[in-house]
Amino acid sequence: MTESADPAERAMILSQDGWGRIIALIAAADGDIAGAEDALSTALERAVTAWRAHGPPANPEGWLYRVALNARRDVWRSAAARTSTPLDEETIDRIDGGTDPAHHDPDALPDRRLELLAACAHPDIDPPARPLLMLSAVMGMTAKQIAAAMALPVATVSARLTRAKKRIAGLGVAFGSPDRLDLESRLPDVFETIYGAFAIEWAQAAAQPREGMIGEALYLSRLVAELCPGDGESHGLAALIHLSAARFPARRSGDGRFVPLTDQYPDRWDGTLTEAGERHLAWVHRCGHVGRFGLEAAIQLLHMAGIRTGSTDWPMLLRLHDDLAQVAPSLGGSVSRAAILAEVEGPETGLAALDALAADSPRLSAFQPAWVLRAHLLTRLGRTDEAATARRRALDLTTDPAEREYLSVGLT
Amino acid sequence: MRYSLIFHAPEPGADGPAPTEEDFQEMMRLMDDFGQALTSAGVFVAWEMLAPHSETKTVTRRTGEVVIEDGPFAAAKEALAGIVVIDVPDIEAALAWAEKFPGTSYGTIEVRPAATSFVDGTWTRPGDEPTRPGDCPSRPDGS
């Protein structure tokens, strides 16, 4: 993107950070996210003309907030006039109270974004709609932008957003003055939604890997860590997303080939993101609570350190995997643990762990990573024919062209 | 083993906002990615996306004579919209591909094994197909 020379346009771009804050603050009063977004759109439209004509204001966010609030008030007033609901005047007072229009410093405005995030991850909202809602409400993205990032049809995104926003408004999920305890109990859903948006497996088998929503997920994870700094898992999530994103450029070679983690060049990892991930992980320890995301981030960092230094602390990785299996058992986690076990105690033990898993979970026979690992362990044991069969099975279950090419090397 | 991925989706003009030209382009791009991936994986057999019901004719001789009609104009909201035929070892592999079908964001995919297929002028049953060299009939885990 080129730097804009137009001061009005520059001010508009700089004000984007404040959009989520403005929507959160206005929607907090009555839970009507769509209404708050409309109000912000009105303010933005007016800003285009007003800022061009008179120059941008000293405090663009404050200006936008004031105009958006006025637009929203007009709607409330006319609704009150139609239905003579006394509540609406109360609503207006609630968010008007205490803010002096003379200095609308957005940092001085109450920050309701955590409440807004919690509303987006409300149990009554369909899980697939939750990340869409966050991107729309907290980041001000349009349905078109979200559709492009998530590789979904625009019509689908619009329909899901409309339904979800109606749902929130209909529930009367006013999130202006939530119980602090209630908010804390909702945090896991917030974390899960942000992680889901990041880790989404692309619905299509694209020839090229898509950046998808990595930038957005990074932003949301930083935001949530900033909004609840004392929560270990908020930093764990931020650490995990930053460390994973750091390796993104190294997943494909220059000519588009798939590169597994162990073969990646550490100098192709993004140093800034790695450092940010390490910083958040240090915060996890300072908070004294290590949960699922903190453990997964620690596992990733140990792997990365091992590749960088040429010596991996496998026993420590095994301990972390054992802890993870306690906190958040998963098929992927169990297969990774079998891989670590093979490094610590030898390939036979890893294979035995994999067999034990297969006996417990019928889903394992359709789980591609389990077949990749089986092929790898059989190769190490010199059982070449069985290894080739396992690799073929992994290949049958792989749809990504680059990964297929990687797996098919050496197979006849 | 051949599997048909049978795609049902709302007919154009059914309820919901009509997709824009841009939506069409985006979906075409996703569908193209899917087709390229099927081809590069060597599992592709055929793929037809079908014109709407309004351009359909039905032919029957159930009454003894040939009757050709417009339609069918079923009242169902969703209609057959396309068929992708792939050749993969089993249902698990077929499902792995079906999951990636871009159209599932607005329709549904039915995955059905072929009972018998007419290939190169002759009927082929799944068991008749040549297995790949080195293919082991049983899996290492015995399942």
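**Exercise 1. Determine how strand β1 (residues 2–10) of chain B is joined to strand β5 (residues 78–87) of chain B, and identify bridge partners along the pair.**

Solution. In this predicted model, β1(B) and β5(B) run antiparallel and are joined by nine bridges. Step one is to take the end of β1(B): B:Pro10 has B:Glu78 of β5(B) as its bridge partner. Step two is to move back along β1(B) to B:Leu5, whose bridge partner in β5(B) is B:Val84. The partner number rises from 78 to 84 while the β1(B) number falls from 10 to 5, in keeping with the antiparallel sense of the pair.

**Exercise 2. Establish the strand order of the open sheet in chain B and state which strands stand at its edges.**

Solution. Begin with the other pairing of β1(B): six bridges link β1(B) with β6(B), again in the antiparallel sense. Within this pair, B:Ile6 is opposite B:Glu110 of β6(B). The open sheet has four strands, and their order is β2-β5-β1-β6, with antiparallel pairing. The edges are therefore occupied by β2 (44–49) and β6 (108–113) of chain B; each has a single partner strand, so one side of each lacks a neighbour in the sheet. From one strand to the next, the twist averages 20°. Finally, helix α2 (residues 91–100) of chain B packs on this sheet and touches β1, β5 and β6 of chain B. The direction of this helix makes about 160° with that of β6(B).

**Exercise 3. Describe the hairpin of β3(B) and β4(B), and find the residue that takes a positive phi.**

Solution. First, the strands: β3 (residues 57–60) and β4 (residues 67–70) of chain B pair over four bridges in the antiparallel sense. Next, the bridge beside the turn: B:Thr60 has B:Val67 of β4(B) as its partner. Six residues lie between the strands, and the positive phi, near 105°, belongs to B:Gly64.

**Exercise 4. Classify the packing of helix α1 (residues 7–30) and helix α2 (residues 33–54) of chain A, and characterise the contact.**

Solution. The helix axes come within 10 Å and cross at roughly 155°. Since angles over 145 degrees count as roughly antiparallel, α1(A) is therefore roughly antiparallel to α2(A). The crossing of α1(A) past α2(A) is right-handed. On the α1(A) side the contact residues include A:Trp19, A:Ile22 and A:Ile23, and on the α2(A) side they include A:Leu40, A:Ala47 and A:Trp51. By class, this contact of α1(A) with α2(A) comprises 14 nonpolar and two charged residues, with no polar ones.

**Exercise 5. Carry out the corresponding analysis for helix α13 (residues 292–309) and helix α14 (residues 314–327) of chain A.**

Solution. The axes are 10 Å apart and the packing angle is about 160°. This makes α13(A) roughly antiparallel to α14(A). Their crossing is left-handed. Among the residues making the contact are A:Leu295, A:Ile299 and A:Leu302 of α13(A), and A:Leu317, A:Leu320 and A:Leu324 of α14(A). The contact of α13(A) with α14(A) divides into nine nonpolar, one polar and three charged residues.

**Exercise 6. State which feature UniProt places at residues 130–168 of chain A, and give the helix and strand content of that stretch.**

Solution. The unreviewed UniProt entry places there the feature "domain: RNA polymerase sigma factor 70 region 4 type". Over residues 130–168 of chain A, the chain is 79% helix and 0% strand. The end C-alpha atoms of the stretch are 11 Å apart.

Terms used. Residues numbered from 1 in each chain as written. Chains lettered and ligands numbered in written order. Predicted model: local features only at pLDDT ≥ 70, side-chain atom pairs only at ≥ 80, totals over all residues. Pairing = 2+ DSSP bridges. Helix = DSSP H or I, 4+ residues; strand = E, 2+ residues; numbered from the N terminus. Axes fitted to C-alpha atoms, helices over the stretch in contact; angles between N-to-C directions. Parallel < 35°, antiparallel > 145°, perpendicular 65-115°, else oblique. Left-handed = near helix turned anticlockwise from the far one by under 90°. Contact = placed C-beta atoms within 7 Å. Nonpolar A, V, L, I, M, F, W, Y, C, P; charged D, E, K, R; others polar. UniProt positions renumbered as here; feature names shortened; annotations may be inferred.
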